[in-house]
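Please follow the disulfide first, and then the strand and the core around it.

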Amino acid sequence: QVQLVESGGGLVQPGGSLNLSCVGSETIFSTYGMGWYRQAPGKERELVAAISQGGGYPNYASSVKGRFTISRDNDRNTLHLQMNDLKPEDTAVYYCNAGLGYYGDSDYWGQGTQVTVSS
């Protein structure tokens with residue numbers, strides 16, 4: 001059963017912007033800290049941005065700090081990642097996560113959305 005569904009990926013030129021969204025169940029949004037991970041070809045999955053269940057304490061990987069903004073709307077059960085000033089090295093599959101690794105195999109994951117930054 002799919003618990004998290006991402007959207008908003010695509011092809012964008014360097015310097016452009018994209019806004020990723022992730023929709024899930026009320027149970028997930030009322031319980032878990034959440035985040036966005038990404039995985040580029042040949043690389044390990046990495047945490048890009050995270051946010052607490054209540055929407056506070058956002059934190060970011062150093063490579064995206066100042067360019068990406070994570071937010072969540074618990075009333076609409078939606079997680080966002082606003083990505084500005086995109087670079088070719090941001091190219092990856094981006095995954096929505098609930099649990100931030102604290103629950104191991106019981107974390108929730110979306111199916112991923114492709115982001116490609118290229119001229």
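The link between cysteine 22 and cysteine 96 is left-handed, with -75° about the S-S bond. This is a predicted model, and the S to S distance in this disulfide is 2.0 Å. The structure holds one disulfide. Cysteine 22 belongs to strand β3 (residues 18-24) and cysteine 96 to strand β9 (residues 92-98), so the bond ties together parts that lie 74 residues apart in sequence. A disulfide is a covalent bond between the sulfur atoms of two cysteines. As for accessibility, cysteine 22 and cysteine 96 are both buried.

Strand β9 is a useful place to go on from. Six of the seven residues of β9 are buried, which leaves the strand mostly covered. On the pairing side, β9 runs antiparallel to β4, and six bridges join the two. One of the residues involved is cysteine 96 itself, the bridge partner of tryptophan 36. The disulfide cysteine in β9 is thus also a point of strand pairing.

β9 has further partners. Three bridges join β9 to β11, again in an antiparallel arrangement, and here valine 93 stands opposite glutamine 114 of β11. Strand β10 (residues 108-109) is antiparallel to β9 as well, with two bridges between them. In that pairing, asparagine 97 has tryptophan 109 of β10 as its bridge partner.

Which residues have the most contacts inside the largest nonpolar core? They are Trp36, Leu79, Leu81, Met83 and Tyr94, in a core of 28 residues. The elements that give two or more residues to this core are β3, α1 (26-29), β4 (34-39), β5 (46-51), β7 (68-73), β8 (78-83), β9 and β11 (113-117). Of these, β9 gives the most, with four residues. Both strands that hold the disulfide cysteines, β3 and β9, are therefore on the list of contributing elements.

Tyrosine 94 shows how these parts meet. Leaving aside neighbours within four places in sequence, tyrosine 94 is in contact with Glu6, Leu20, Trp36, Tyr37, Arg38, Val48, Phe68, Leu81, Met83, Gly112, Thr113 and Val115. Among these partners are Trp36, Leu81 and Met83, which are themselves named with Tyr94 as residues with the most contacts inside the core. The contacts of tyrosine 94 also include Glu6 and Arg38.

Note on methods: Residues are numbered from 1 along each chain as its sequence is written. This is a predicted model: local features need pLDDT of at least 70, side-chain atom pairs count only at pLDDT 80 or more; totals for chains, interfaces and linings use all residues. Side-chain values use heavy atoms; hydrogens and water are left out. A disulfide is a pair of cysteine sulfur atoms within 2.5 Å. Buried means under 20% relative accessible area, exposed over 50%, partly exposed in between (1.4 Å probe, protein chains only). A nonpolar core is a set of buried Ala, Val, Leu, Ile, Met, Phe, Trp, Tyr and Cys residues joined through side-chain atoms within 4.5 Å. Contact means heavy atoms within 4.5 Å. Two strands pair if DSSP finds at least two bridges between them.
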